[in-house]
Amino acid sequence: MANPSLLVFLKLVMVLICAVWVSLWVLKPTQVWTRKWKQAEESAAATVFGYNGLDFSVYTFPIIAFAMIGFIYLELKQKEPRSRQATSPVKALSNPLIINSYLGILSAIEVLAVSLFILFLAWTFYTHISNDFRKMMPVKNLKLNAWQYKVLKVSTRSGLLAEVCLAMLLLPILRGLAIFRVLGIQFEASVKYHVWFGTTMILFATLHGAGTFLVWGVKHQIPDQMWRWQKTGRIYLAGEVALVTGLVIWITSLPQIRRKKFEIFYYTHHLYIVFLVFFLFHGGDRHFYMVFPGIFLFSLDKLLRIVQSRPETCIVSARVFPCKAIELVLPKDPRLKYAPTSMIFVKIPSISKLQWHSFSISSSSSVDDHTMSVIIKCEGGWTSSLYDVIKTKLGSDADRMKCVPVAIEGPYGPASLDFLRYDSMLLVAGGIGITPFLSILQEIDFALSRGKKWPPSQIQLIYVVKKSQDVCLLDSVLPILLNRRAGQLHLKLKVFVTQEQSGAPISELLTNEFSKVETVNFGMQCSDYATHGVENLLWLAAIVGFSSIVFLAALSCFNGAFLHDPAKMASKQKQKNPSSVTDLFLIFSFIIAIMCGTIVAVFLRWRKLKKELPPSPQKYSKEVKPISMETSRALEEHEIHFGGRPNFQGIFSKFLNETGGSDVGVLVCGPEGMKESVASLCQMSAQGQRKKPYFSFHSLNFSL
């Protein structure tokens, strides 16, 4: 059990680090900071680390330190005993405040954070522009009048705002090194912040480039300026390449392209390497250190994920549902534990050697020691190819099919189960959005069967589907639907079939659809390894710290060996922007650092695999029991409705009466329209409510 005082201390240290880092960004545009910083760089240039060490320590290290302490905090917090949480003001701030079809569902905390970020951007822009307009210094090689000078400065400062967004861009999409977990934000939820930062960055970067080209055009300098690759100072050509690359990435990530042409989105997104390298050449190393924390952690996270997905494992078995969905059963190490709603990334080399796809885990590690499952709706190109592979195997007469290799990243999930600790819960699922709830139901049922007090004992599941055959996805929670164990979880199921006007009773429908599920078992000759998951968080903290030390040491060696002695380096600090040679040294040091961290991760992985026993197919076999008449009658207490969508307001009111006004957690996973409808109800119920009953809204995602 973790020491509560130690957890509080780590929290305070992380808050202090964040406060210092934010303060640096706030002070950076001021004249006081500029004067003091120049003096500090001149003093640091005479040291063995040079000005690079100062820039790294001030701009980069705070976030790295926050990540290291955060991983230690999460590792210790996992050892805390679970308990039922109470309604708090902070919890109330997580409920929906703004519900918009374009912006999505925003909580009060998110609105506050966005407002503060916009205020910070306004402060940065105003401070810089007011200083620039006060000086009105002439620009070399360009004889500008007042308005041209102002346009050029506005475009230049827009570039600095793009730099601020770039500093935050990669932090929300970290997986193994996900520092947003410290804030209680899951990976799939933080992806939208990546989209926000990326869109804002491209907006300011476009203003930066357009304003500069406008001034060049007015002065007839475009042919002379745009192809310049200066030995020192701003490299204009590098900035143009970075801008074009960023625009390509942004355009191909628009929902209209990403959803219909996922391959285009996926492959063009890897141009981020080109974008970052040319941004470094354009802005110089001093500006690069400001955005370096996210780049450093993201690159290290990327390589650690590659190590984690090796060696490949194989599919144990697959189940084919009548609604053109499949369930993949994958082997896992018995020591691997994950929280409900966790996600994994899957790559099947026989379909594509490069594409990774994310899926929500539908099983519970508390129930299944040796396997984990994902349910996949086969609608896109990659998933349809997978469906065809599985269907082909179904037609074979062999008892054991040829093995199907698969690479797995994850699981990635929430740091705690606070979102499950309510008196009662309403689960609202649409279509394949049922998958996270299958894991939740199994986890809660297991906890109650072991006498745990934290889970809710009364749950209502609202399942909205287009066709009645979609209910077959509930097969894995059939024992829970039967409600056979007195004093344990009581689950009430309400199914709404929107595109059928009538159908069989709920018991007959569930019985018929469950009986149509087909299973195929695969051979396991191609791999002797199971999924082990992410490395221990304490080791991740050590790898991050070790890699950062290697980076600083390598950069100091390069500068000392090739850029002469510290005294001469001090005289060069009058150059506002270093040459591309210095930028190359930074790149080389960065590569050395993350490769050293990767080598440590490979060693840890090898040591873990060395202790692993080869998986035995007998451990993964499950007995499938036929549905009896007694089982069929037990399903009659559940409800099914045809020809319409659910009346959420009536359902919510009735559920409150049934639970006696208890604290209710509302979890929803499905189409955005359904999420917005449920969020609106939770928002209305929260207005003016300071006592129970209280609806706490949580939005889940089954994929990215």
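Colleague: Let me start with one residue: where is Pro411 found?

Modeller: Pro411 is in strand 9. Keep in mind that what you have above is a predicted model. In that model, the peptide bond joining Gly410 and Pro411 is cis, with omega about 5°.

Colleague: And which peptide bond is cis with omega near -10°?

Modeller: That one runs from Arg310 to Pro311. Pro311 sits in the loop between helix 13 and strand 3.

Colleague: Which sheet order includes strand 9?

Modeller: Look for an open sheet of four strands, ordered 3-9-6-7 and paired antiparallel. At its edges you'll find strand 3 (313-314) and strand 7 (357-360), each pairing on one side only. Further in, strand 6 (residues 343-347) and strand 9 (residues 405-412) pair in the antiparallel sense, over four bridges. To line them up by eye, find Met343, which stands opposite Tyr412 in strand 9.

Colleague: What is the order of the sheet of six strands?

Modeller: The order is 14-12-11-10-15-16; this sheet is open too, but its pairing is parallel. Strand 14 (639-642) and strand 16 (694-699) each have a single partner strand, so one side of each is left without a neighbour in the sheet. From one strand to the next, the twist averages 15°.

Colleague: How many bridges join strand 12 to strand 14?

Modeller: Four bridges join strand 14 to strand 12 (residues 490-497), and the two run parallel. A handy landmark is Lys494, whose bridge partner in strand 14 is Glu639.

Colleague: Which helix lies across strand 10, strand 11 and strand 12?

Modeller: Helix 23 (residues 648-659) does. The strands that helix 23 lies across also include strand 14, strand 15 (663-669) and strand 16. Against strand 11 (458-465), helix 23 runs at about 165°.

Colleague: Now helices. What describes two packed helices?

Modeller: The angle between their axes, together with the distance between the axes. Try helix 1 (residues 4-27) and helix 3 (residues 50-77): the angle is about 160° and the axes are 10 Å apart. Helix 1 is therefore roughly antiparallel to helix 3, as angles over 145 degrees count that way. The crossing is left-handed. Helix 1 brings residues including Leu6, Leu10, Ile17 and Trp21 to the contact, while helix 3 brings Tyr59, Ile63, Phe66 and Tyr73, among others. By class, that contact has 19 nonpolar, one polar and two charged residues.

Colleague: At what angle do the axes of helix 13 and helix 20 cross?

Modeller: Roughly 30°, with the axes of helix 13 (residues 285-308) and helix 20 (residues 580-610) coming within 10 Å. The two helices are therefore roughly parallel to each other, since angles under 35 degrees fall in that group. Their crossing is right-handed. Among the contact residues are Phe288, Phe292, Leu300 and Val307 of helix 13, plus Leu586, Phe590, Ile594 and Val602 of helix 20. The residues of this contact divide into 16 nonpolar, five polar and three charged.

Colleague: How far apart are the axes of helix 5 and helix 7?

Modeller: Those axes are 13 Å apart, and helix 5 (residues 108-135) packs with helix 7 (residues 187-218) at an angle of about 20°. That makes helix 5 roughly parallel to helix 7. This crossing is right-handed. Glu110, Val114, Phe117 and Leu121 in helix 5 meet Lys192, Tyr193, Trp196, Phe197 and Phe204 in helix 7. The contact has seven nonpolar, no polar and two charged residues.

Colleague: Where does His220 lie?

Modeller: In the loop between helix 7 and helix 8 (222-225). Check the backbone there: phi of His220 is near 55°, a positive value in a residue other than glycine.

Colleague: Last one: what pLDDT does the protein average?

Modeller: It averages 83, and 87% of the residues score at least 70. Over residues 617-621, though, pLDDT is below 50, and the model gives this stretch 11 contacts beyond near neighbours in sequence. For residues 569-578 pLDDT also stays under 50, with 21 contacts beyond four places in sequence.

Note on methods: Residues numbered from 1 in each chain as written. Predicted model: local features only at pLDDT ≥ 70, side-chain atom pairs only at ≥ 80, totals over all residues. Heavy atoms only, no water. Axes fitted to C-alpha atoms, helices over the stretch in contact; angles between N-to-C directions. Parallel < 35°, antiparallel > 145°, perpendicular 65-115°, else oblique. Left-handed = near helix turned anticlockwise from the far one by under 90°. Contact = heavy atoms within 4.5 Å. Nonpolar A, V, L, I, M, F, W, Y, C, P; charged D, E, K, R; others polar. Pairing = 2+ DSSP bridges. pLDDT = per-residue confidence, 0-100.
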